[in-house]
Each structure stands twice: as structure tokens, then as C-alpha cells.
Amino acid sequence: MPTYAWTVIGAGPAGIAAVGRLLDHGIAAEKIAWIDPAFAVGDLGQKWRSVSSNTIAETFLGFLNASAAFRFAEAPPTPLQEVDPEDTCALDLVADPLVWVTQQLRERVHVVQATATSLSLHQRQWRIDTEHREVFSDNVILAVGAVPKSLSYPHLDEIPVEVALDPEKLAAQSLDGATVAVFGSSHSSMIALPNLLRQPVEKVINFYRTPLKYAVYLDGWILFDDTGLKGHAAAWARENIDGKHPDRLERCWVSSPEFQEKLEACDRVVYTVGFERRQLPATPQWGELEYNQQNGIIAPGLFGLGIAFPEYAEDRYGFGEHRVGLKKFMDYLNSVLPLWLHYGT
Ligand SMILES: Cc1cc2nc3c(=O)[nH]c(=O)nc-3n(C[C@H](O)[C@H](O)[C@H](O)COP(=O)(O)OP(=O)(O)OC[C@H]3O[C@@H](n4cnc5c(N)ncnc54)[C@H](O)[C@@H]3O)c2cc1C
């Protein structure tokens, strides 16, 4: 049974970055194992393709050019390169080049198309179990992604976030005359709301907890870079939430006396209330593991990356956010990988 130097679990943008940068650091391709059930660019490639980005095209190109092992310079021309570099775009414009990058990385490293079910450390070596086989590795990077959070209002028929964010899938729902509750004030909320208002719904009620927050582009940095609204979502919110509500849109503060009555008027619901880490492979030796939010270390030779284990950083005014986005994963990896290469089992 071969032992790998590194195993990357997850082939979303974070897992792709990890494999690319390990190769760039001189880890031999045959010493790297890569585990994912689909190798289809994670949720970005499978669920969010039609979503309008909150990142400008130049930043996506920065990600694609940040690893020599991606060989992006050799990729066929892509529509992402045609977009104004300062403009946002649909996420499929970055998903497609990432499919290409995945394919050519897969040809180099050892690929296990499976889900990792458990992780354990024995004699300074990680054992990773999957449905098909076990993998032994000195080091493991977990890049397993996140799933949308939910709330529990069982009398309401839920429209999954990935449907609400995709106009084609939403059009296939029968929403004629429906009153739809949308919980949240996030980037996803400000995409789901106009999508729903384009459907023959009776009314949409947006239930919120806090005022909206907008990202502000300043000299060399962005205020509320990770939690503020950006791009088309910000423009729509300024006009229609903080400006004049469209006819069929109501808003309701969740702590207001009308909350219960308004909620009872609804028949469908969309929860755009953030994301939480996807269930990890079981770690029976320790139970649930914590990660270090500044350097991604979970255990000796075990590290976390991507939306499941984001960096926490403060801006120059001391406001702290979890750093989520492709380029942020790459920049963070560049700062922590030299450390990980020295923090083995
Ligand atoms: C509405 C929306 C808008 C967004 N807009 C932007 C944007 O404008 N700019 C930007 O940079 N990013 C954007 N993102 C993407 C965001 O950065 C995501 O955080 C990113 O896709 C997460 O990448 P990831 O690799 O951490 O996780 P994922 O993409 O979720 O990938 C995780 C992978 O791990 C696999 N996996 C999970 N568990 C296991 C296991 N046990 N064994 C094997 N494999 C496993 C999964 O199958 C999946 O393939 C957006 C996301 C959303 C939802």
C-alpha cells in the first residue's frame, strides 16, 4: 500500500489551489493523492454557476494565474478573459477554466474518486477511509466546503438556495400566486429576491435581522470585503431595499410584533442565512476537531482550507471577518503552506 506525502480531500476551488501549490513547492506528483466524489469544481462548478459573482474578473484571473502547476497560460481562450477586468461576471466563467485546470491536475496526481469517511492517526501516519479503499498519507489537507444553513419553519415548503439563485431552476417551480418568505440580507438574498420577483408570485416577504452592509472600495483595501454586498447584488439592494421597495416586496424585521402574522401568510421559504462547514470525515480518536483560524492547523499533519476552514482576519479598524473567496483562499494558502510543510506528523 503506497504512502503519500500529501492527500487533499475535496476538489472545489480550495482543493484545486492546494494541489497546485503543493506541486509548485516541489512535492512530487506521485506523492500526492486527491480525493473527491465528483471532481467537478465543488459547489461552484455544480450549484452556483449561474450566480452573479461578488468578485471582479481580474481577481478570478489572479487565482487562475497564481499556481504554475495550473498551466493556465496553456489553457484554451476563455470568455473570462473577454470580460472587463473590473466587472463582476457569472460564476460559470470561472468554473469552466477550473474544470480545465482540474482535468490536467488529475492527470498528474493520484486520484481517488470517492468520499472520505474517516480519518485517523497511527504511528505518525494518517489513514483515510473511503467507500472504496483506504489511503495512507503523512499529511492531509481538508478542503471539504460548506452547505447553506437552514432555519426550521416546517409549515413552509422550502425552495433550496441553489434553486432560488438559478433563474432556470426557479422557473420550473410552481410559484403562481405563492407568498414566499426569504430569510436573510446576504449576497445570496439580494440575488434570490429579484429572481423571485421575476416569477408570478403574489408577494415576497424578506425577513431580516440587521441593516444591510455594503462593501466599500478604498485605497488598496475593501471595507466589509467578506460580509458586505458587492456587484449587482449591492446595486439591486441600494435601489430596491434601501431605496423604494418593488410593489410585491415587503420587508419584516424578525423581532417585530408582526413577524408571526407575516410568516403565517407565507407558503414557501428560501433560507439565505449563510453557510456552515460540510460534515467532516469521522475522527473517532478525538471527536469534533477545532482549527486554528490564523494558520489552518487542525492537528499534526492535518490542515484546513477553503470555506470550511476560512482564515479570520481583522481590517485596519479592527473589524474581523472570515476571509471567503477564491483569491483569498489562494493568498492564505501562500502564507500558511510554508508553515504546513514544517508541521508534519
Ligand atoms: C452565492 C455564492 C456566490 C459566490 N460568489 C463568489 C465570488 O464572487 N467570488 C469568489 O471568489 N467566490 C464566490 N463564491 C464561492 C465561494 O468562494 C465558495 O466559498 C467556494 O466555492 C468554496 O470552495 P471550497 O473548495 O472551499 O468548497 P466547495 O466548492 O464546496 O468544494 C468542496 C469539495 O469537497 C468535496 N468533499 C466534501 N466532503 C468530502 C469528503 N468527505 N470526501 C471527499 N470529498 C469531499 C465536495 O464534494 C466538493 O467537491 C460564491 C459562493 C456562493 C454560494
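Select Lys-203 to begin. Lys-203 counts as partly exposed, at 28% relative accessibility. Everything on this tour belongs to a predicted model. Now add Glu-250 to the selection: a salt bridge joins Glu-250 to Lys-203, with 3.1 Å between the closest N and O atoms. Glu-250 sits in strand S13 (residues 249-253) and Lys-203 in strand S10 (residues 203-208), so the bridge links distant parts of the chain, 47 residues apart. Glu-250 is partly exposed too, with a relative accessible area of 22%.

**Asp-226 and Arg-323**

Next, select Asp-226 and Arg-323. Their side chains meet in a salt bridge, 2.5 Å from N to O. Asp-226 belongs to the loop between strand S12 (221-223) and helix H8 (231-240), while Arg-323 belongs to strand S19; the pair therefore ties together parts that are 97 residues apart in sequence. Arg-323 counts as partly exposed because its relative accessibility is 23%.

Extend the selection to Asp-225, Lys-230 and Lys-328. Together with Asp-226 and Arg-323, these residues are linked in a network of salt bridges.

Stay in the loop between S12 and H8 and pick Phe-224, which is found there. Phe-224 is not a glycine, yet its phi is positive, at about 55 degrees. Its relative accessible area is 22%, which makes Phe-224 partly exposed.

**Along helix H8**

Move into helix H8 and select His-232. Is His-232 buried or exposed? His-232 counts as exposed, at 55% relative accessibility. Add Ile-27 and draw a line between the two C-alpha atoms: the separation is 41 Å, for residues 205 apart along the chain.

**A nonpolar surface patch**

Go to Val-324, in the loop between strand S19 (320-323) and helix H10 (326-340). Val-324 counts as partly exposed, with 34% relative accessibility. Add Phe-275 and Ile-307, and the three residues show a nonpolar patch on the surface. Their accessible area together is about 200 Å².

**A bridge within helix H1**

Select helix H1 (13-24), then show the side chains of Arg-21 and Asp-24. These side chains meet in a salt bridge, with 2.7 Å from N to O. Why are the two residues about one helical turn apart? They are three residues apart in helix H1, which separates them by about one helical turn.

The two partners fall into separate accessibility classes. Arg-21 is buried, since its relative accessible area of 16% is under 20%. Asp-24 counts as partly exposed, at 27% relative accessibility.

To see the salt bridges as a set, display them across the model: a search of the whole structure finds 13.

**Phe-39**

Select Phe-39, in the loop between S2 and H2. Phe-39 has a positive phi of about 50 degrees although it is not a glycine. Phe-39 is buried, with a relative accessible area of 8%.

**The ligand and its shell**

Now select the ligand and show the residues around it. How many residues are around the ligand? There are 36, and those that come nearest are Asp-36, Asn-54, Thr-55, Ala-116 and Leu-326.

Colour this shell by class. Nonpolar residues number 22, polar residues 11 and charged residues three.

Then colour the shell by the element each residue comes from. Helix H1, strand S2 (32-36), helix H2 (42-46) and H10 each supply at least two residues. Which element gives the largest share of the shell? H2 does, with three residues.

Finish with the backbone atoms that lie beside ligand oxygens:

- Ala-14: a polar backbone atom is 2.9 Å from an oxygen atom of the ligand.
- Asp-43: a polar backbone atom is 3.1 Å from an oxygen atom of the ligand.
- Ala-143: a polar backbone atom is 3.4 Å from an oxygen atom of the ligand.

Last, switch on the protein surface around the ligand. On its own the ligand has 1,000 Å² of accessible area, and the protein covers 93% of that.

How values were computed:
Residues are numbered from 1 along each chain as its sequence is written. This is a predicted model: local features need pLDDT of at least 70, side-chain atom pairs count only at pLDDT 80 or more; totals for chains, interfaces and linings use all residues. Side-chain values use heavy atoms; hydrogens and water are left out. Patches are made of residues with over 30% relative accessible area and no salt bridge: like charges are joined within 9 Å, nonpolar side chains (Val, Leu, Ile, Met, Phe, Trp, Tyr) within 5 Å. Accessible areas come from the Shrake-Rupley method with a 1.4 Å probe; for residues, only the protein chains shown count as cover. A salt bridge is a side-chain nitrogen of Lys or Arg within 4 Å of a carboxyl oxygen of Asp or Glu. Helices (H or I, at least four residues) and strands (E, at least two) are DSSP runs, numbered from the N terminus. Buried means under 20% relative accessible area, exposed over 50%, partly exposed in between (1.4 Å probe, protein chains only). A residue is near a molecule or strand if one of its heavy atoms lies within 4 Å of it. A polar contact is a pair of N or O atoms within 3.5 Å; within protein, one must be able to donate a hydrogen and the other to accept it, and residues adjacent in sequence count only if both atoms are side-chain atoms. Ala, Val, Leu, Ile, Met, Phe, Trp, Tyr, Cys and Pro count as nonpolar, Asp, Glu, Lys and Arg as charged, and the others, Gly among them, as polar.
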